[in-house]
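Biologist: Mind walking me through this one? I'd like to hear how you get to each answer, not just the answer.

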Amino acid sequence: MTEDLLLLYSHCIIVKGVSRSSICDLQRKKIHLIPNAFGDLFQEDRYINIPETISQLDHEGKEILQEYFDFIEENELAFYCSPDDLSLFPKMSEEWLFPAHISHCILDAWHEFPYFNESFLKQLEILCCNFIQFRFFKKVSWQELDRIMAQINPSQIKSIEIIMPLDKEDNEFYKKIEYFVNENRKISNLTISGAAEKKIYKEGLHGMGFILQTEKPINNQHHCGIVDSSLFSINVSTYNESLTYNSCLNRKISIDTEGNIKNCPSMKENFGNIKNSSLQEALNHPAFKKYWNIAKDEIVKCKDCEFRHICTDCRAYIDDPDNIYSAPLKCGYNPHTCEWEDWSTNPLKEKAIRHYGLQELIPNELFGKR
């Protein structure tokens with residue numbers, strides 16, 4: 001029995017872009033870039049018929065192909081097998097299942113959440129939501145943070161993220177942060193904005209939590225929607241979800257600084273205020289799920305991108321505000337040239353930047369002078 005086939009592992013997925021392809025190793029959480037010509041050699045069943053392919057190449061082509069075979073084998077992306085073995089290695093399931101009406105809740109506030117109490121947590125429990133992100137845009141007191149965690153720790157919530165500004169007047173700020181994260185094991189990460197440098201550290205911390213600090217001040221909802229390679233999420237769940245659903249807004253609910261219930265705090269549409277409406281009432285609104293099913297293969301530019309199924313998306317800020325399928329405004333990647341650029345310096349985006357009032361994110365010496 002001959003091993004005439006080179007078969008990709010089921011968790012190694014080829015995503016074809018307009019200029020090149022990527023092999024997403026969803027188990028090792030790695031991306032490998034390959035020419036489209038090589039990716040096209042793989043049949044729908046994830047294999048290359050080696051003898052058949054080699055027979056169609058000249059000497060130089062055979063040498064190049066062997067180099068790619070070596071690359072594939074070195075990175076353990078595929079293995080050799082016989083045609084009779086194909087049935088033993090089925091394709092990975094692309095079904096995305098999440099047993100909840102809402103997966104994540106994003107809460108924005110200047111410095112406190114007066115509505116966050118046992119009753120609010122009960123609303124999240126009914127929706128089976130287990131993950132919350134708190135974003136504080138101004139200095140928050142330790143009393144407020146302790147009050148919130150006192151509610152969360154005994155609840156059904158599995159993990160939370162916190163974004164808060166650096167308190168430059170508190171000489172023991174970092175010591176308090178470390179103690180706070182260690183004492184509250186449901187914190188998956190805590191981000192400090194407006195810090196002196198970008199840094200991630202876990203030393204001295206216990207459990208799953210870690211602390212991230214960033215130089216950028218996060219002082220309002222406009223800082224949302226950045227698309228960057230450092231934010232790629234290379235895993236089976238993200239990949240499968242992006243095939244059918246929007247990878248940013250699907251199963252999400254949020255509340256902005258004014259208490260308005262939305263898909264995302266950065267979006268204009270709201271579905272009531274938490275002061276007099278429930279989360280369930282907002283979810284039941286016919287337009288609430290408007291963006292949930294906008295998949296990457298439907299979005300301008302994204303559908304041509306080799307990174308589309310491991311990348312986030314943003315419908316709050318898009319290149320053309322009149323087209324819900326327009327490309328994310330804050331994406332600087334060009335799938336035709338395979339190059340990244342600063343999205344804010346692109347003159348074609350200036351009209352949209354003004355539309356959303358994002359001029360504050362761009363240095364004055366750059367905006368309007370491109």
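**Salt bridges first**

Modeller: Let's start with a pair: E76 and R28 bring their side chains together in a salt bridge, with 2.7 Å from N to O. The two come from distant parts of the chain, E76 from the loop between α3 and β6 (78–81) and R28 from the loop between β3 and β4 (30–34). Keep in mind that this is a predicted model.

Biologist: How many residues apart in sequence are E76 and R28?

Modeller: E76 sits in the loop between α3 and β6, while R28 sits in the loop between β3 and β4. So the pair links distant parts of the chain, and the separation is 48 residues.

Biologist: Are E76 and R28 buried, partly exposed or exposed?

Modeller: Buried needs under 20% relative accessible area and exposed needs over 50%. E76 comes in at 42%, and R28 has 35%. Both values fall between the cut-offs, so E76 and R28 are each partly exposed.

Biologist: What is unusual about the backbone at E76?

Modeller: Most residues other than glycine have a negative phi. E76 is not a glycine, yet its phi is positive, at about 55 degrees.

Biologist: And which loop residue has a phi near 65 degrees?

Modeller: Look in the loop between α4 (118–126) and β8 (131–136). The residue there is partly exposed, because its relative accessibility is 33%. It is not a glycine either, and its phi is positive: C128.

Biologist: Back to the charges. Where do R20 and E306 sit, and how many residues lie between their positions in the chain?

Modeller: R20 and E306 form a salt bridge, with their closest N and O atoms 2.6 Å apart. R20 is in the loop between β2 (12–16) and β3 (21–25), and E306 is in the loop between α8 (279–283) and β15 (333–334). That pairing links distant parts of the chain, with a separation of 286 residues.

Biologist: Is E306 buried or exposed?

Modeller: The cut-off for buried is under 20% relative accessible area. E306 has 0%, so the call is simple: buried.

Biologist: Take D170 and K176 next. Which of the two counts as buried?

Modeller: They form a salt bridge, the closest N and O atoms being 2.9 Å apart. K176 has 31% relative accessibility, so K176 is partly exposed. At 17%, under the 20% cut-off, the buried one is D170.

Biologist: Which residues are joined into one network by shared salt-bridge partners?

Modeller: The structure holds 15 salt bridges. Where salt bridges share partners, they join up into one network, made of D25, R28 and E76.

**Helices and surface**

Biologist: Which residues of helix α6 are buried?

Modeller: Helix α6 covers residues 173–183. Its buried residues pack against α5 (142–152), β9 (159–165), β10 (187–193) and β12 (210–213). The ones in question are F173, I177, F180, V181 and N182.

Biologist: How far apart in space are N182 and C248?

Modeller: C248 is in the loop between α7 (236–244) and β13 (252–255), and it counts as partly exposed because its relative accessible area is 25%. In sequence, C248 and N182 are 66 residues apart. C-alpha to C-alpha, the spatial separation is 29 Å.

Biologist: Which residues form the negative surface patch?

Modeller: One of them is E67, found in helix α3 (residues 59–74). E67 has 55% relative accessibility, so it counts as exposed, the cut-off being over 50%. The patch is formed by D58, E60, E63, E67, D70, E73 and E74.

**The whole chain**

Biologist: How far apart are the mean positions of the positive and negative charges?

Modeller: The protein has 41 positive and 55 negative charges. Taking the mean position of each set, the separation is 8 Å.

Biologist: What share of the residues counts as buried?

Modeller: The secondary structure comes to nine helices and 16 strands, and the C-alpha atoms fill a box of roughly 70 × 50 × 45 Å along the principal axes. The exposed area is about 19,000 Å², with carbon and sulfur atoms supplying 49% of it. Of the 370 residues, the buried share is 49%.

Biologist: Last one: among contacts between residues at least 6 apart in sequence, what share joins residues at least 24 apart?

Modeller: The R20–E306 salt bridge is a pairing across distant parts of the chain, at 286 residues apart. For the contacts you ask about, the share is 64%.

How values were computed: Residues are numbered from 1 along each chain as its sequence is written. This is a predicted model: local features need pLDDT of at least 70, side-chain atom pairs count only at pLDDT 80 or more; totals for chains, interfaces and linings use all residues. Side-chain values use heavy atoms; hydrogens and water are left out. Patches are made of residues with over 30% relative accessible area and no salt bridge: like charges are joined within 9 Å, nonpolar side chains (Val, Leu, Ile, Met, Phe, Trp, Tyr) within 5 Å. Accessible areas come from the Shrake-Rupley method with a 1.4 Å probe; for residues, only the protein chains shown count as cover. A salt bridge is a side-chain nitrogen of Lys or Arg within 4 Å of a carboxyl oxygen of Asp or Glu. Lys and Arg count as positive and Asp and Glu as negative; His and the chain ends are not counted. The place of a charge is taken as NZ of Lys, CZ of Arg, CG of Asp or CD of Glu. Helices (H or I, at least four residues) and strands (E, at least two) are DSSP runs, numbered from the N terminus. Buried means under 20% relative accessible area, exposed over 50%, partly exposed in between (1.4 Å probe, protein chains only). Contact means heavy atoms within 4.5 Å.
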